Amino acid sequence: MDKIKLLSCLLDNEYHSVNGLSARLGVSRTIIWKEIKQLRGYGLDIEARHGKGYRLHDEIDLLDRNELLDDLGQYARGCSMDVLFDTESTNKCLTDLFGQPDLHKRIVLAEYQYGGKGRRGRTWISPFARGLYLSLGWRFDMAPASLNALSLASGVAVARALAELGISGLSLKWPNDLILADKKVGGILLEARGETAASCDVVIGIGINIRLDKETKSALDQPVTDLDGHYRNLPSRNRLAGRIIAEQFLMLERVASGRMGEYVAEWKNLDYLSGRQAELHMPGQIVRGHVRGVDDNGLLLLETCGNIEKYSSGEVRVTRLSHQVMR
């Protein structure tokens with residue numbers, strides 16, 4: 001049985017008897033019991049009460065493929081979209097297609113990831129329907145080296161989409177963290193493979209925390225937040241996802257036409273790190289200094305002992321947090 005059909009019956013947060021669910025869905029009572037157990041395994045709070053049946057306590061906002069495609073408008077043309085109940089990783093769904101024509105303009109979203117990926121091999125915690133977990137595939141007819149700043153451009157596109165929906169105050173932490181009120185609210189994982197000297201396949205994975213419970217926040221190894229903790233009357237997850245995807249496609253089209261520079265310039269205005277004292281952690285090395293922004297290719301500028309060096313990778317950790325930063 002499709003788990004979405006059973007879960008959809010419970011979205012009203014009212015009690016539903018096993019007999020009623022069985023008749024409505026055309027399956028046996030035993031199947032209902034088994035599916036309820038599996039739904040609980042995703043972390044959903046489903047109460048069982050004798051004489052009343054099952055009741056979902058969570059307020060769940062499910063993704064809807066048709067609604068998403070409608071929201072994309074012109075950007076839906078030529079794209080393909082999968083909305084999955086669960087998957088190991090939306091990025092993996094697309095990186096498995098590297099080198100294949102089906103990758104271009106392909107979108108994968110999931111309600112739940114059991115192996116979501118972050119940078120540097122970390123796991124991206126993906127509680128069921130509590131965030132956005134989506135990936136986009138794109139093929140560029142240009143050399144991979146010309147796309148060094150693409151993760152920065154993707155972050156700007158996310159910030160633009162959220163601002164359109166009235167969600168402001170987002171800043172960007174090099175190279176791909178989304179920051180709200182000094183805490184991580186989302187991240188971007190970009191994976192690429194050069195097919196030829198003049199072509200490149202790219203997968204952009206985007207994760208955004210929408211409504212996290214206290215247990216999830218406390219289990220993470222860094223300060224995190226969610227959109228729900230800062231904004232009232234948030235748009236639906238479909239609306240959020242639709243706007244983010246549309247802005248990503250607009251960005252990708254502009255970058256393909258040689259307009260990366262406008263995104264790097266806008267990124268500098270959203271830079272969370274510029275002027276802060278920080279440590280850049282790399283394998284076997286830690287570099288300390290003041291962050292001086294990024295260059296036009298998206299490389300980090302770090303001032304140490306009066307010299308400014310450029311870095312293409314590493315993890316930046318702020319060593320002194322102050323809103324009165326040096327520019």
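Which residue is the bridge partner of L136 in β9? In this predicted model, that partner is I204, and the pair offers a convenient way into the sheet to which both strands belong.

The sheet is open and consists of seven strands in the order β3-β4-β5-β9-β8-β7-β6, with mixed pairing. Its edges are formed by β3 (80-84) and β6 (171-173); each of these has a single partner strand, so one side of each is left without a neighbour in the sheet. On average, and with direction ignored, neighbouring strands are turned by 20° against each other.

Strand β5 (residues 131-140) deserves a closer look. Between β5 and strand β9 (residues 199-209) the pairing is antiparallel and extends over 10 bridges. Besides the bridge from L136 to I204, S135 stands opposite G205 in β9. Strand β4 (residues 106-110) also pairs with β5 in the antiparallel sense, here over three bridges, and L109 has L134 of β5 as its bridge partner. Nine of the 10 residues of β5 are buried, so this strand is largely enclosed by the rest of the structure. As a reminder for reading the strand residue by residue, side chains in a regular strand alternate between the two faces of the sheet.

Helix α8 connects this part of the sheet with the helical packing. The helix lies across β4, β5 and β9, and runs at about 20° to β5. Helix α8 (residues 237-256) also meets helix α6 (residues 150-164): their axes come within 8 Å and cross at roughly 140°. That angle makes α6 oblique to α8, and the crossing is right-handed. On the α6 side the contact is made by L150, A153, S154, A157, V158, R160, A161, L162 and E164, while α8 contributes L240, R243, I244, E247, Q248, M251, L252, R254 and V255. By class, the residues of this contact divide into 11 nonpolar, two polar and five charged.

One of the charged participants, R160, lies in helix α6 and counts as buried, at 19% relative accessibility; the cut-off for burial is under 20%. Leaving aside neighbours within four places in sequence, R160 is in contact with E247, R254, E262, Y263 and E266. Of these, E247 and R254 belong to the α8 side of the helix contact.

A further helix pair is found towards the beginning of the chain. The axes of helix α2 (residues 18-25) and helix α3 (residues 29-41) come within 9 Å and cross at roughly 105°, which makes α2 roughly perpendicular to α3. Here V18, N19, L21, S22 and L25 in α2 meet R29, I32 and W33 in α3. The contact comprises five nonpolar residues, two polar and one charged.

Several loops carry backbone features worth inspecting. The peptide bond from W174 to P175 is cis, with omega near 0°, and P175 is found in the loop between β6 and β7 (177-180). In the loop between β4 and β5 lies A129, a residue other than glycine whose phi is positive, near 55°. N233, in the loop between α7 (214-219) and α8, likewise is not a glycine and has a positive phi of about 55°. As for their surroundings, A129 is buried, with a relative accessible area of 7%, whereas N233 is exposed, with a relative accessible area of 78%.

Conventions. Residues are numbered from 1 along each chain as its sequence is written. This is a predicted model: local features need pLDDT of at least 70, side-chain atom pairs count only at pLDDT 80 or more; totals for chains, interfaces and linings use all residues. Side-chain values use heavy atoms; hydrogens and water are left out. Axes are lines fitted to C-alpha atoms, for helices over the stretch in contact, and angles run from 0 to 180 degrees between N-to-C directions. Helices (H or I, at least four residues) and strands (E, at least two) are DSSP runs, numbered from the N terminus. Angles under 35 degrees count as roughly parallel, over 145 as roughly antiparallel, 65 to 115 as roughly perpendicular and the rest as oblique. A crossing is left-handed if the near helix is turned anticlockwise from the far one by less than a right angle, and right-handed if clockwise. Contact means heavy atoms within 4.5 Å. Ala, Val, Leu, Ile, Met, Phe, Trp, Tyr, Cys and Pro count as nonpolar, Asp, Glu, Lys and Arg as charged, and the others, Gly among them, as polar. Buried means under 20% relative accessible area, exposed over 50%, partly exposed in between (1.4 Å probe, protein chains only). Two strands pair if DSSP finds at least two bridges between them.
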